[in-house]
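Me: I like to know what stands behind a label before I use it. Could we go through a few of them together, setting each value against its cut-off?

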Amino acid sequence: MKKKILIVEDNNDFCEILNLFITKLGYHAIKARNSKEAIECAEAEQPDLIFMDVALPEVDGIKTTAMLRQNPKTSHIPVVALTAWMSALWQEKAEKVGITTYLIKPISPQVLKETIEEYTKTMTRAPSC
């Protein structure tokens, strides 16, 4: 059974790039565009990993992660924050709400692959071009 990865990203292009890469690695990708969809998908799908954009509209990724952590159905899911920049203040907030780790955009395919493998405890072959 394929491991599931939830992509929470409001930028359509970046979301599709992540989706294609994750799918090519052999995982099942699920997409959410905002906090509400993220929480609904996480509860319903029980993904093995969540990639969370920090700068979501309305409710940001930090607050969304806090809500996921407070929910017994989703509190165990590793959350990797995705951001174009990470200030000391954002990093402190991320740590307080239980974000597992964070990646700075743009993200290299190798770092993305290693992160997925680390937090889903799987080994995959690199996708061929």
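Reply: Happy to; the questions below go from one buried residue to strands, a helix and rings, and the model is a predicted one.

Me: Why is D53 called buried?

Reply: Buried means under 20% relative accessible area. D53 has a relative accessible area of 4%, so the label applies. This residue is found in strand β3, and it touches V8, E9, D10, G61, L82 and K105, leaving aside residues up to four places away in sequence.

Me: What makes the pair D53 and A55 a polar contact?

Reply: The cut-off for a pair of N or O atoms is 3.5 Å. A polar atom of the D53 side chain lies 3.3 Å from the backbone nitrogen of A55, so the pair is within the limit. A similar case is found at the start of α3, where a side-chain oxygen of D60 comes to within 2.9 Å of the backbone nitrogen of I62.

Me: How do you know that β3 and β4 pair?

Reply: Pairing needs at least two bridges. Between β3 and β4 there are 4 bridges, and the strands run parallel, so they qualify as a pair. I50 stands opposite V79 in β4. The chain gets from β3 to β4 through α3, in a right-handed β-α-β crossover.

Me: And what makes β4 and β5 a pair?

Reply: The reasoning repeats: β4 and β5 (residues 101-104) are joined in the parallel sense over 4 bridges, and at least two are needed. The bridge partner of V80 is T101 in β5. Here the chain crosses through α4, and this β-α-β crossover is right-handed too.

Me: Why is β4 described as mostly covered?

Reply: 5 of its 5 residues are buried. V79, A81 and T83 point one way, V80 and L82 the other, and all are buried. In a regular strand the side chains alternate between the two faces of the sheet.

Me: Which parts pack against the buried residues of α3?

Reply: They pack against α2 (35-45), β3 (49-53), β4 (79-83) and α4 (88-97). The buried residues of α3 (residues 61-70) are G61, I62, T64, T65, A66 and L68.

Me: Why is K93 said to sit over the ring of W90?

Reply: One part of the test is that NZ of Lys is within 6 Å of the ring centre. K93 lies over the face of W90 at 5.2 Å from the ring centre, so the distance passes.

Me: How many aromatic pairs does the whole structure hold?

Reply: The search finds 0. A pair would need ring centres within 6.5 Å.

Technical notes: Residues are numbered from 1 along each chain as its sequence is written. This is a predicted model: local features need pLDDT of at least 70, side-chain atom pairs count only at pLDDT 80 or more; totals for chains, interfaces and linings use all residues. Side-chain values use heavy atoms; hydrogens and water are left out. Buried means under 20% relative accessible area, exposed over 50%, partly exposed in between (1.4 Å probe, protein chains only). Helices (H or I, at least four residues) and strands (E, at least two) are DSSP runs, numbered from the N terminus. Contact means heavy atoms within 4.5 Å. A polar contact is a pair of N or O atoms within 3.5 Å; within protein, one must be able to donate a hydrogen and the other to accept it, and residues adjacent in sequence count only if both atoms are side-chain atoms. Rings of Phe, Tyr and Trp (its six-membered ring) pair if their centres lie within 6.5 Å; planes under 30 degrees apart count as stacked, over 60 as edge-to-face and the rest as tilted. A charge sits over a ring if NZ of Lys or CZ of Arg is within 6 Å of the ring centre and within 35 degrees of the ring normal. A crossover is right-handed if, with the strands pointing away from the viewer, the path from the first strand over the helix to the second runs clockwise.
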